[in-house]
Amino acid sequence: MSETGTQADAGTADDAVRGEALGTAPVPLSVLDLVTVGSGSTASRALATSVELSRLAERRGYHRHWVAEHHSMPGVASSSPAVILAHLAAHTRRIRLGSGGVMLPNHAPLVIAEQFGTLEALAPGRIDLGLGRAPGTDGATAAALRRTDTLNEGADNFPEQLSELTRFLDDDFPDAHPYARIHAVPGPVQGPKGRPPVWLLGSSGFSARLAGLLGLPFAFAHHFSARNTIPALDLYRQSFRPSAVLDAPYALIGVAALAAEDGTEARRQVLTGAVSMLRLRTGRPGLIPTPEEAEAVERGFAPAEREFVAGWLGNVVHGTPDEVRTGLDELQKRTGADELMITANAHGGEARLRSYELIADAYGLPRLS
């Protein structure tokens, strides 16, 4: 793509899935946005930062910008991906926007089909529907969302829910089906026939195998399940069957990465996310701490806490722009990922935005008009 060009139109199924590597990047680079809320900030500020990030990502040649569904977590403001994506669509022109992901068991398939049909009507040809089968929260919150205590039921029925959702998106229930006369609108019944491509997301082998068997693109959560990355990607590729969507496997991985002009500053910034995750994992969720707060907490770590944070930071590619580029290149080579989706978890929006700019510069990504 030239610096004055635009990203490829989603004229075919493959175009809607596969990205284009720009600059010296080995594969397309994308953005995973958790809409983090830092100590002393607000959800309004976090959402405004997401708009800034989507514009930056579009301007600097990132392929897509996804937001993730999380609930009852004070440190994130992304409980409603469809609402956020509609807002981002209104402030961008080219970049693909999507869910990374919507947690299918939390919702009726018809509701998701209508939400993403609406998004597709608002931003034709640039919406992705990424689906997960986890609740995106703790068990009690999941029960409140689903109005049931049988939480395993939703995950166990994921393939059936996915099939129902796909039929609503395609408007193709068999004539004898109870839902044959129900239409997801906006949708194909109103024309045209295009709809968002469906991705399966996962952090283990279940969705990897299912995505392969169905011939769908697959996104793996390397940023919090690194030890499972290569086994899951291998399983996806081994299970893959060509489909109308893809003739060959296409897998992206979510990777935590943050660049700063100075390596020490980069470590200070990613420590805030590590401390936030430690608090979440130990039942004390809160806003993302400032670097100063995180360093104060670190000084008082118990051995088990220090071990957890060290392990977490070991999975975050951070440092100077050159160090981050090297780390991302090595990760892509090791995993064979077809796309890297970068999430930069830090306290402040300024540090996150600067990181994406520095990474784009490190790879020589074009500045698009």
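Which residues does serine 99 touch, not counting residues up to four places away in sequence? In this predicted model, serine 99 is found in strand E3, which covers residues 96-103, and the residues it touches beyond that sequence window are Trp66, Val67, Pro81, Leu85, Phe116, Asp128, Leu129 and Gly130. Serine 99 has a relative accessible area of 0% and is therefore buried, the cut-off for that term being under 20%. Its side chain reaches the backbone oxygen of glycine 130 at 2.9 Å.

A second element to follow is helix H2, whose 17 residues run from 43 to 59. At 1.5 Å a residue, this helix should span 24 Å, and because its end C-alpha atoms are 24 Å apart, the expectation and the model agree. Within H2, the buried residues are Ala46, Thr49, Ser50, Val51, Leu53, Ser54, Leu56, Ala57 and Glu58, and the buried residues of this helix pack against strands E1 (29-33) and E2 (64-67) as well as helices H3 (81-90) and H14 (349-362). After H2 comes glycine 61, with a positive phi near 85°.

Turning to the whole protein, there are 14 helices and nine strands, and the C-alpha trace spans about 65 × 55 × 40 Å along its principal axes. For 369 residues, a compact globule would have a radius of gyration near 21 Å, so the 20 Å of this protein agrees with that description. Buried residues make up 52% of the 369 residues, while among contacts between residues at least 6 apart in sequence, 75% join residues at least 24 apart. The protein exposes about 15,600 Å², of which carbon and sulfur atoms supply 52%.

Definitions and conventions
Residues are numbered from 1 along each chain as its sequence is written. This is a predicted model: local features need pLDDT of at least 70, side-chain atom pairs count only at pLDDT 80 or more; totals for chains, interfaces and linings use all residues. Side-chain values use heavy atoms; hydrogens and water are left out. Helices (H or I, at least four residues) and strands (E, at least two) are DSSP runs, numbered from the N terminus. The expected span of a helix is 1.5 Å times one less than its number of residues. Buried means under 20% relative accessible area, exposed over 50%, partly exposed in between (1.4 Å probe, protein chains only). Contact means heavy atoms within 4.5 Å. A polar contact is a pair of N or O atoms within 3.5 Å; within protein, one must be able to donate a hydrogen and the other to accept it, and residues adjacent in sequence count only if both atoms are side-chain atoms. The radius of gyration is taken over C-alpha atoms; the globule rule is 2.2 Å times the number of residues to the power 0.38. Accessible areas come from the Shrake-Rupley method with a 1.4 Å probe; for residues, only the protein chains shown count as cover.
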